[in-house]
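Me: Hi! Could you walk me through this protein model in plain words?

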Amino acid sequence: MPRWASLEPLRERWFLAVLGLGVVLRALAMLGYRPALWFPDSYTYVVTAMRPRPDLVRPAGYSMFLRLFEPLHSFALVTGVQHLLGILTGVMVYLTARRLRAPAWAATLACVPVLLDAYQVELEHLLVSDTLFTALVVAAVCLAVRESGDRRGRMVRAGVIGLLVAAATLTRTVGLPLVVLLGAWLLYRERGRVAVAAVT
């Protein structure tokens, strides 16, 4: 069994402490700033969610995310989900670092900026696209650096990465370069596997 696969409480205690503190910070934000924080961009996102239409500046991905919650009429639920996405992002960073054989303390440090940064918590509590975009990009990158499996598994993984990057670019246009970067990375890794297979 790989080292990262068994999250023994004693070995992972620093990560569990950071994770717990991150949850507490988000709970305090939910209680102290109900139901959500607004930014000038928030109004555009909310209006587009209520009346879907193309926008000249912002892609509609985040507005469609908000539209999923429209029947529930709760901005508090939106910020709650965004805080969960922030926590999930930190967990993905930690597990990926452990999967790449980083020691527990280094993997914990890697996820601290996501789990404990006050600006990150604020972004999660704002009605803006940053948290959704970050979660999509981190998920794509974490999948891209996973160890190789069989060919079918790699193809499925590449398809999922493509969907995540597509969703990210529909959320923020700054994600467009990732299409090229992650595509080139996947081709590079596949080419290396082909070369190794040919040699052996």
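Here is a chat about the overall build, some salt bridges and a few single residues.

Reply: Happy to! One thing to know at the start is that this is a predicted model.

Me: Good to know. How many helices and strands are there in the protein chain?

Reply: The protein chain has 9 helices and 0 strands. Going along the sequence, the pattern reads α-α-α-α-α-α-α-α-α.

Me: And what does the C-alpha trace span along its principal axes?

Reply: The C-alpha trace spans about 60 × 45 × 25 Å. The protein chain has 200 residues, and 38% of them count as buried.

Me: What about the area the chain exposes, and which atoms supply it?

Reply: About 11800 Å² is exposed, with carbon and sulfur atoms supplying 71% of that.

Me: Does UniProt say anything? I mean, which residues does it list for "transmembrane region"?

Reply: The UniProt entry, which is unreviewed, lists residues 12-33, 72-95, 102-121, 127-146 and 158-188 under that heading. Such annotations may be inferred rather than shown by experiment.

Me: Let's look at two of those. How much helix is in residues 12-33, and how much in 127-146?

Reply: Residues 12-33 are 91% helix and 0% strand, and their end C-alpha atoms lie 32 Å apart. For residues 127-146 the figures are 75% helix and 0% strand, with the end C-alpha atoms 32 Å apart.

Me: Thanks. Changing topic: how many salt bridges does the structure hold?

Reply: It holds 7 salt bridges. One of them joins the side chains of Arg 26 and Glu 124, at 2.7 Å from N to O. Arg 26 sits in helix α1 and Glu 124 in helix α6, so this pair links distant parts of the chain, 98 residues apart.

Me: Are those two residues buried or exposed?

Reply: Arg 26 is buried, because its relative accessible area is 2% and the cut-off for buried is under 20%. Glu 124 counts as buried too, with 0% relative accessibility.

Me: Stay with Glu 124 for a second. Which side chain does it have a polar contact with?

Reply: That would be His 83, whose side chain is joined to the Glu 124 side chain by a polar contact of 2.9 Å.

Me: And what else does Glu 124 touch, leaving out residues up to four places away in sequence?

Reply: With those left out, Glu 124 touches Arg 26, Thr 79, Gln 82, His 83, Gly 86, Val 114 and Thr 131. Its own helix, α6, covers residues 118-125.

Me: Nice. Can you show me another salt bridge?

Reply: Sure! The side chains of Asp 41 and Arg 58 meet in one, at 2.6 Å from N to O. Asp 41 lies in helix α2 (residues 40-50) and Arg 58 in the loop between α2 and α3, so the pair ties together parts that are 17 residues apart in sequence.

Me: How accessible are Asp 41 and Arg 58?

Reply: Asp 41 is partly exposed at 22% relative accessible area, and Arg 58 is partly exposed at 24%.

Me: What does Arg 154 form a salt bridge with?

Reply: Arg 154 pairs with Glu 190, and their closest N and O atoms are 3.0 Å apart. Arg 154 is in helix α8 (residues 151-171) and Glu 190 in helix α9 (residues 176-199), so this salt bridge ties together parts 36 residues apart in sequence. Salt bridges that share partners also join Arg 151, Arg 154 and Glu 190 into one network.

Me: Now the surface. Which residues form a nonpolar patch there?

Reply: Leu 21, Val 24 and Leu 28 form one, with about 270 Å² of accessible area together. Leu 28 is in helix α1, which runs over residues 13-32.

Me: Why does Leu 28 count as exposed?

Reply: Because its relative accessibility is 52%, and exposed means over 50%.

Me: Last one: where is Thr 96, and what is it in contact with beyond its neighbours within four places in sequence?

Reply: Thr 96 lies in helix α4, residues 75-99. Setting those neighbours aside, Thr 96 is in contact with Cys 142 and Val 145. At 9% relative accessibility, Thr 96 counts as buried.

Note on methods: Residues numbered from 1 in each chain as written. Predicted model: local features only at pLDDT ≥ 70, side-chain atom pairs only at ≥ 80, totals over all residues. Heavy atoms only, no water. Patch = residues over 30% accessible without salt bridge, like charges linked within 9 Å, V, L, I, M, F, W, Y side chains within 5 Å. Areas by Shrake-Rupley, 256 points an atom, 1.4 Å probe, with all protein chains shown as cover. Salt bridge = Lys/Arg side-chain N within 4 Å of Asp/Glu carboxyl O. Helix = DSSP H or I, 4+ residues; strand = E, 2+ residues; numbered from the N terminus. Buried < 20%, exposed > 50% of the residue type's maximum accessible area, 1.4 Å probe, protein only. Polar contact = N/O pair within 3.5 Å; in protein donor to acceptor, adjacent residues only side chain to side chain. Contact = heavy atoms within 4.5 Å.
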